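I opened my notebook to look around a small set of features, one at a time. Come and read along with me.

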Amino acid sequence: MDEPQSGLSAVQSSTTAVLIVAEAMHGMASSDMRQLTEAVADELAAAWPTKPAATILSQHASSFTFGP
């Protein structure tokens, strides 16, 4: 029996890379996304020995290289 998608996408002790996607289109989106990005990065760094790489994509910055 196949594992449900949530099991396949769950972060586990063997996980080496994670991509977290968040989006916002409201008037305060730029500010809110910066705050969210910082909060998630802080929580990840507190839970695991890592320095998260993060970016906020926009019309002028439309790509992000994921991985090492």
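Here are my entries, from the whole chain down to single residues.

**Ground rules.** I am working with a predicted model, where local features need pLDDT of at least 70, side-chain atom pairs count only at pLDDT 80 or more, and totals for chains, interfaces and linings use all residues. I number residues from 1 along each chain as its sequence is written, and side-chain values use heavy atoms, with hydrogens and water left out.

**Whole chain.** I found 2 helices and 0 strands in the protein chain; these are DSSP runs numbered from the N terminus, H or I of at least four residues for helices and E of at least two for strands. I looked up burial next: 6% of the 68 residues count as buried (buried is under 20% relative accessible area, exposed over 50%, partly exposed in between, with a 1.4 Å probe and protein chains only). The accessible surface is about 6200 Å², and carbon and sulfur atoms hold 55% of that (Shrake-Rupley method, 1.4 Å probe).

**Largest pocket.** Which residues lie closest to its centre? I noted a space of about 1200 Å³ first, and then, out of 37 lining residues, V18, L19, I20, A53 and A54 as the closest to the centre. A pocket here is an open set of points on a 1 Å grid where a 1.4 Å probe fits, with protein on both sides within 12 Å along at least five of seven lines, and lining residues have an atom within 4 Å of a point.

**V18.** I placed V18 in the loop between α1 and α2. V18 counts as partly exposed because its relative accessibility is 43%. Its C-alpha sits 9.1 Å from that of F66, although 48 residues separate the two along the chain.

**V21.** I found V21 in the loop between α1 (5-8) and α2 (29-47). At 67% relative accessibility, V21 is exposed.

**I56.** I located I56 in the segment after α2. With a relative accessible area of 28%, I56 is partly exposed. I56 and R34 are 7.5 Å apart, C-alpha to C-alpha, and 22 residues apart in sequence.

Terms used. Grid points are joined across faces, edges and corners, and a volume is the space filled by probe spheres set on the points.
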